[in-house]
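Reader: I am new to this structure and would be grateful for a guided reading. May we proceed by question and answer?

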Amino acid sequence: CDGHWGTVLKTYREFQQCGDKQWLDRMWPHVQRAMHFGFAQWDEDADGVLDGPQWNTYDLYFYGHNTYCSSLYLAALRACEEMARIEGDEALAAECRRRFEAGSAKIDATLFNGEYYEQHFDDSIEGAQYHQYGNGCLSDQLFGQWWAHVLGLGYILNPDHVRAALEAVYRYNFRHDFFGHVQQPRVYASDFEKGLLIASWPHGGRQERPMLYCDEVWTSIEYHLGSHMIIEGMVERGLQLVKAARDRHNGVYRNPWNEIECGDHYVRPMVNWILLEGAGGRVY
């Protein structure tokens with residue numbers, strides 16, 4: 001689900017960077033098909049918030065309403081609206097705008113708990129009794145807002161809520177050491193090092209079998225959150241996350257050119273390139 005909407009976003013990114021209208025003309029039928037598939041698969045009620053099982057990069061299904069997948073959807077709706085207007089597809093542009101406005105309002109009204117965005121789901125659904133984050137604080141909860149900033153699409157959620165959620169992620173998930181914390185199933189940081197957890201449950205409510213990888217540290221999310229914080233003006237916070245990642249890979253204990261996540265030379269940490277654009281204020 002996250003990769004599906006991410007591909008729509010990457011299509012708009014490539015067009016912004018190359019400006020080739022003929023290329024966009026060739027891609028447009030595929031974008032249309034992707035959007036209509038997503039509407040039918042995850043937003044059948046057309047309220048702009050994704051429903052049902054949403055398979056994603058954490059190797060699990062998120063159930064119900066969550067901003068990890070739904071913020072990517074909101075950003076994809078905005079990107080598709082922009083591409084639709086370029087392509088003269090006013091009907092799809094209008095539909096994307098309508099769903100975007102409905103979803104943005106609903107998410108802010110229902111998922112923001114005063115500090116950050118939660119996940120709401122029906123735990124009686126088969127499969128939802130485990131591998132969810134619920135009222136936990138997910139570091140990736142604003143992934144779609146980061147994409148929207150990168151693409152110059154503006155805010156897709158309430159700006160005050162966005163900044164509050166980033167502060168909460170820093171407050172609850174950034175650790176100055178890992179003494180007493182069990183990193184599982186994989187260990188990517190030593191006890192004496194700094195790093196950002198995938199998720200935490202500051203107010204309780206952690207499932208007995210919570211979402212996979214929640215106790216791990218990924219450099220890619222540190223770069224993603226670091227660049228997002230810098231874009232939002234939270235420069236010191238953002239640089240701390242980036243420094244933590246680079247200090248762990250400074251050549252003393254780990255290869256500085258191989259930030260392992262699941263596999264060697266993993267592609268996800270390449271998100272760090274956006275630090276150049278985020279710090280420089282560059283938008284295509």
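Reader: Which residues touch the most other members of the largest nonpolar core?

Author: This is a predicted model, in which local features need pLDDT of at least 70 and side-chain atom pairs count only at pLDDT 80 or more, while totals for chains, interfaces and linings use all residues. Residues are numbered from 1 along each chain as its sequence is written, and side-chain values use heavy atoms, with hydrogens and water left out. A nonpolar core is a set of buried Ala, Val, Leu, Ile, Met, Phe, Trp, Tyr and Cys residues joined through side-chain atoms within 4.5 Å; buried means under 20% relative accessible area, exposed over 50%, and partly exposed in between, with a 1.4 Å probe and protein chains only. Of the 82 residues in the largest such core, those touching the most other members are Trp-5, Met-35, Tyr-58 and Met-211.

Reader: Which helix gives the largest share of this core?

Author: Helices (H or I, at least four residues) and strands (E, at least two) are DSSP runs, numbered from the N terminus. The largest share of the core amounts to 12 residues, and it comes from residues 67-87, helix H3.

Reader: Which residues does Tyr-58 touch, not counting those up to four places away in sequence?

Author: Contact here means heavy atoms within 4.5 Å. With residues up to four places away left out, Tyr-58 touches Tyr-68, Leu-138, Asp-140, Ile-198, Met-211, Leu-212, Tyr-213, Trp-218 and Ile-221.

Reader: Are H3 and H5 roughly parallel or roughly antiparallel?

Author: Axes are lines fitted to C-alpha atoms, for helices over the stretch in contact, and angles run from 0 to 180 degrees between N-to-C directions. H3 and helix H5 (residues 143-150) pack at about 25 degrees, with axes 6 Å apart. Angles under 35 degrees count as roughly parallel, over 145 as roughly antiparallel, 65 to 115 as roughly perpendicular and the rest as oblique. H3 and H5 are therefore roughly parallel.

Reader: How many charged residues does the contact of H3 with H5 have?

Author: H3 contributes Tyr-68, Ser-71, Leu-72 and Ala-75, and H5 contributes Phe-143, Gly-144, Gln-145, Trp-147 and Ala-148. Ala, Val, Leu, Ile, Met, Phe, Trp, Tyr, Cys and Pro count as nonpolar, Asp, Glu, Lys and Arg as charged, and the others, Gly among them, as polar. By class the contact has 6 nonpolar residues and 3 polar ones, and the number that are charged is none.

Reader: What do the buried residues of H1 pack against?

Author: Helix H1 (residues 2-18) has 17 residues, which should span 24 Å at 1.5 Å a residue, and its end C-alpha atoms are indeed 24 Å apart; the expected span is 1.5 Å times one less than the number of residues. Among its buried residues are Trp-5, Leu-9, Tyr-12 and Phe-15. The buried residues of H1 pack against helix H2 (21-42), strand S1 (54-56), H3 and H5.

Reader: How many of the 13 residues of H7 are buried?

Author: Helix H7 (residues 219-231) reaches 18 Å from its first C-alpha to its last, close to the 18 Å expected. Its buried residues pack against H5, helix H6 (159-173), strand S5 (195-196), H8 and H9. H7 is largely enclosed by the rest of the structure, because the buried residues number 12 of the 13.

Reader: Which residues does a cis peptide bond join?

Author: Most residues other than glycine have a negative phi, and most peptide bonds are trans. One partner of the cis bond is in the loop between strand S4 (174-175) and S5, namely Pro-185. Omega is about 0 degrees at the bond joining Gln-184 and Pro-185.

Reader: What is the phi of Ala-46?

Author: Ala-46 lies in the loop between H2 and S1. With a relative accessible area of 16%, Ala-46 is buried. Its phi is positive in a residue other than glycine, near 60 degrees.

Reader: Is His-149 buried or exposed?

Author: His-149 is found in helix H5. Leaving aside neighbours within four places in sequence, His-149 is in contact with Gly-154, Tyr-155, His-228, Ile-231, Glu-232 and Val-283. Its relative accessible area is 14%, so His-149 is buried.
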